[in-house]
Amino acid sequence: MNVKDIKFLIVGCAKCGTSSLYEYICEHPEVKAASLKEPGYFVKDSLLKQNGYQEIDTWEKYLNCFPQTPLGTFTGEASVSYFNYFEESIPSIKKRLGQKTKIIIILKNPIERLISGYNYAARIGVENRTLEEVLRYWDGKTSIIDPVTNRPCYIANGLYSERVKMFFEEFDD
């Protein structure tokens, strides 16, 4: 795998359509999909701290997620954790892929995203509070991780401006 063939990263927020957008982009004949959805390599330290493990923890493992790209084709990936942990991901992406990497950010109305994120967490069994309890519990801090669920905070994840600004400032185009 030639690192120059990794041309784009979708870093949008969870429950905003990143998976669908990635699938649509990969339908193009010049784009080759990665073998692993959301490798998260560029925030491996944060994911290790949050989850207790991180499958893609070396550069070699990361590169092995991508297919060989014949002349005239390229590849990329989608990991929402890059948006959540932008302070770690931005320098890491720039170091390994360069600041000309195309960064695609997909967002959703923050209230719709909050409800979607809550419903998903409740459906998979990691959220036992009612939505009203979640909203009442929030202390107004912008911490990405909710201390009750140890998962991304539904409300703080909808505070997009700082993260979007940093990606715009740090990458070309």
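This text goes through the nonpolar cores, a pair of packed helices and several single residues of a predicted model.

The largest nonpolar core is a convenient place to start. This core has 34 residues, and those with the most contacts inside it are Leu 9, Phe 42, Tyr 62, Tyr 82 and Leu 97. Several elements each give two or more residues to it: strand S1 (6-10), helix H1 (18-26), helix H3 (59-63), helix H4 (81-84), H5 and H8. Tyr 82 can be followed further. Leaving out residues up to four places away in sequence, Tyr 82 touches Leu 9, Val 11, Gly 40, Tyr 41, Phe 42, Val 43, Tyr 62, Glu 77, Ser 89, Ile 93 and Phe 167.

Apart from this core lies another, of 8 residues, including Leu 114, Ala 121, Val 134 and Tyr 154. Leu 114 belongs to helix H6, which covers residues 110-123. Leu 114 has a relative accessibility of 12%; the limit for buried is under 20%, so Leu 114 counts as buried. Beyond its neighbours within four places in sequence, Leu 114 is in contact with Leu 131, Leu 135, Tyr 154 and Ile 155. Asp 5 is 109 residues from Leu 114 in sequence, and the two C-alpha atoms are 35 Å apart in space.

Next comes the helix pair. Two packed helices are described by the angle between their axes and by the distance between those axes. Helix H5 (residues 86-97) packs with helix H8 (residues 161-170) at an angle of about 15°, and their axes are 11 Å apart. Because of this angle, H5 is roughly parallel to H8. The crossing in which H5 passes H8 is right-handed. On the H5 side, the contact is made by Phe 86, Ser 89, Ile 90 and Lys 94. H8 brings Glu 162, Arg 163, Met 166, Phe 167 and Glu 170 to the contact. Sorted by class, the contact of H5 with H8 has 4 nonpolar, 1 polar and 4 charged residues. Two residues of this contact, Ser 89 and Phe 167, were met above among the residues that Tyr 82 touches.

Strand S3 (residues 74-78) holds Thr 75, and Gly 76 lies in S3 as well. Thr 75 has a relative accessible area of 0% and is therefore buried. Gly 76 is buried too, with a relative accessibility of 0%. What does Gly 76 touch, not counting residues up to four places away in sequence? Its contacts are Ile 6, Phe 8, Tyr 22, Lys 32, Ala 34 and Phe 66. Two distances help to place the strand. Between the C-alpha atoms of Gly 76 and Ile 103 there are 10.0 Å, with 27 residues separating them along the chain. Thr 75 and Asn 51 are 24 residues apart in sequence, and their C-alpha atoms are 27 Å apart in space.

Two loop residues remain, each with a positive phi. Lys 15 sits in the loop between S1 and H1. Its phi is near 65°, a positive value in a residue other than glycine. The relative accessible area of Lys 15 is 31%, so this residue is partly exposed. Glu 38 is placed in the loop between strand S2 (31-33) and helix H2 (44-51). Although Glu 38 is not a glycine, its phi is positive, at about 55°. With a relative accessibility of 30%, Glu 38 counts as partly exposed.

Key
Residues numbered from 1 in each chain as written. Predicted model: local features only at pLDDT ≥ 70, side-chain atom pairs only at ≥ 80, totals over all residues. Heavy atoms only, no water. Axes fitted to C-alpha atoms, helices over the stretch in contact; angles between N-to-C directions. Helix = DSSP H or I, 4+ residues; strand = E, 2+ residues; numbered from the N terminus. Parallel < 35°, antiparallel > 145°, perpendicular 65-115°, else oblique. Left-handed = near helix turned anticlockwise from the far one by under 90°. Contact = heavy atoms within 4.5 Å. Nonpolar A, V, L, I, M, F, W, Y, C, P; charged D, E, K, R; others polar. Core = buried A, V, L, I, M, F, W, Y, C linked by side-chain atoms within 4.5 Å. Buried < 20%, exposed > 50% of the residue type's maximum accessible area, 1.4 Å probe, protein only.
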